[in-house]
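I set out to record how the parts of this protein meet and what surrounds its ligand. My entries follow in the order in which I looked things up.

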Amino acid sequence: MTTNTMHAAVVETLGQPLALRELPIPAVGPGQILVKTEACGVCHTDLHAAHGDWPVKPSVPFIPGHEGIGLVVALGEGVTAVKLGDRVGVPWLFSACGHCEHCLAAWETVCGEAQFGGYTRNGGFAEYILADPNYVARIPAGLSAADAAPIICAGVTCYKGIKESGAKPGQWIAISGVGGLGHLAIQYALAMGLRVCAIDVDDGKLAHASRLGAELVFNASRGDPVGDLRLATGGGAHGVLITAPSLSAFHQGVAMTRKRGTCVLVGLPPGEFPTPLFDVVANCITIRGSFVGTRQDMAEALAFAAAGKVKADYELQPLSSINNVFDRLQSGRVPSRVVIDFGAA
Ligand code: NAD
Ligand code: ZN
Ligand code: ZN
């Protein structure tokens, strides 16, 4: 490889395996920075992106990956927000306009002009990433790149989702899906003083949930998980966080919600789910979507990791194994998270 090129995994056709390519290292424009990637987590969202699962499709070719962590190696004209050598993360919320009603209310995640890393902008499955210095995550000293990677999407999404559930210390939170997001959600919830029930379809993931401190675990594919959870929690969970990329988990999660509780939807399988209107209305249940987290949520989520209260479980893999990682993630064979290690060959 010459010094002007980089290895990258590229979606060239939606629904097809990624192509491993050698591409020119992008040049920084005014206001941009160039990040040399050290590590990038693989999120289930990268599968949805590569498959074109959602109503607004990404345009090909693009480089997925929105858990990229690296060092700032070049500054475009006018950049003062970060310095050369800073360790930053290039997240899903790649940039926002900064002046619409949502940005002004510090809800930049729903800005209509937001750009998304690894979706509308090239992401972290590459040795270099162009980024907007105003929206990169600041990685605290002492947190390694690989430890930080799963926090900047999976971690912040769960942390924000738990806050949005309104569940208070001592109350129950039910976490449906114990994969990349869910295994971190359990740890955030415990650190926030909640009691945790975990739900998955895989007994291995449920055993992991118990080891992480979930008091109750339920296999969603057997018996009567809703009835069992409602009985064990004395009427359902105060907060429910659905991370599972499966529509059946959404219907089930609403039924697990306690009267006046909140069911937070974060999983993004394509499609719709039926909502039992009478139960939702008569029990005053809130159903709420939650999308990653703001820059302030990001700083808070990273602080939990830097303090050692939350630690991602991950397996390191080289970029060249990306299609195998995608296959395993699709079929539920990744125990927690895979992080692509750019130090590896
Ligand atoms: P993952 O594949 O690592 O984990 C999914 C887990 O759900 C697995 O453990 C799987 O066994 C479990 N599962 C599957 N079917 C289930 C069911 N019916 N009931 C309970 N558990 C079930 O995926 P991930 O990286 O954690 O991402 C999960 C979802 O969250 C994806 O749809 C992703 O796009 C979405 N996501 C949303 C946001 C957001 O901002 N809202 C952010 C990141 C990811
Ligand atoms: Zn993600
Ligand atoms: Zn905006």
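Entry 1, the domain contact. In this predicted model, I looked up the area buried between domain 1 and domain 2 and found about 1900 Å², with 59% of it on carbon and sulfur atoms. On the domain 1 side, I noted that Asp297, Phe304 and Val310 supply 22% of the area buried against domain 2, more than any other three residues.

Entry 2, the domain bounds. I checked the domain assignment, which gives domain 1 as 5-152 + 293-341 and domain 2 as 155-289. I counted 25 residues of domain 1 and 24 residues of domain 2 in the contact. The C-alpha centres of the two domains are 26 Å apart.

Entry 3, the shell around ligand 1. I asked which domains contribute to this shell. Domain 1 and domain 2 each provide at least three residues. Of the 31 residues around the ligand, I listed His44, Thr45, Asp200, Val292 and Arg337 as those that come nearest. I sorted the shell into 15 nonpolar, 13 polar and 3 charged residues. Helix 1 (44-51) is one of the elements that supply at least two residues each, and strand 11 (195-200) is another. The largest share, 3 residues, is that of helix 1.

Entry 4, polar atoms at ligand 1. I found a polar side-chain atom of histidine 48 at 2.8 Å from an oxygen atom of the ligand. A polar backbone atom of leucine 181 also lies 2.8 Å from a ligand oxygen atom. For serine 290, I recorded a polar backbone atom 2.9 Å from a nitrogen atom of ligand 1. Ligand 1 has 870 Å² of accessible area on its own, and the protein covers 93% of that area.

Note on methods
Residues numbered from 1 in each chain as written. Chains lettered and ligands numbered in written order. Predicted model: local features only at pLDDT ≥ 70, side-chain atom pairs only at ≥ 80, totals over all residues. Heavy atoms only, no water. Near = heavy atom within 4 Å. Polar contact = N/O pair within 3.5 Å; in protein donor to acceptor, adjacent residues only side chain to side chain. Areas by Shrake-Rupley, 256 points an atom, 1.4 Å probe, with all protein chains shown as cover. Helix = DSSP H or I, 4+ residues; strand = E, 2+ residues; numbered from the N terminus. Nonpolar A, V, L, I, M, F, W, Y, C, P; charged D, E, K, R; others polar. Domains from an automatic or database assignment. Contact = heavy atoms within 4.5 Å. Buried area = accessible area lost by both parts, 1.4 Å probe.
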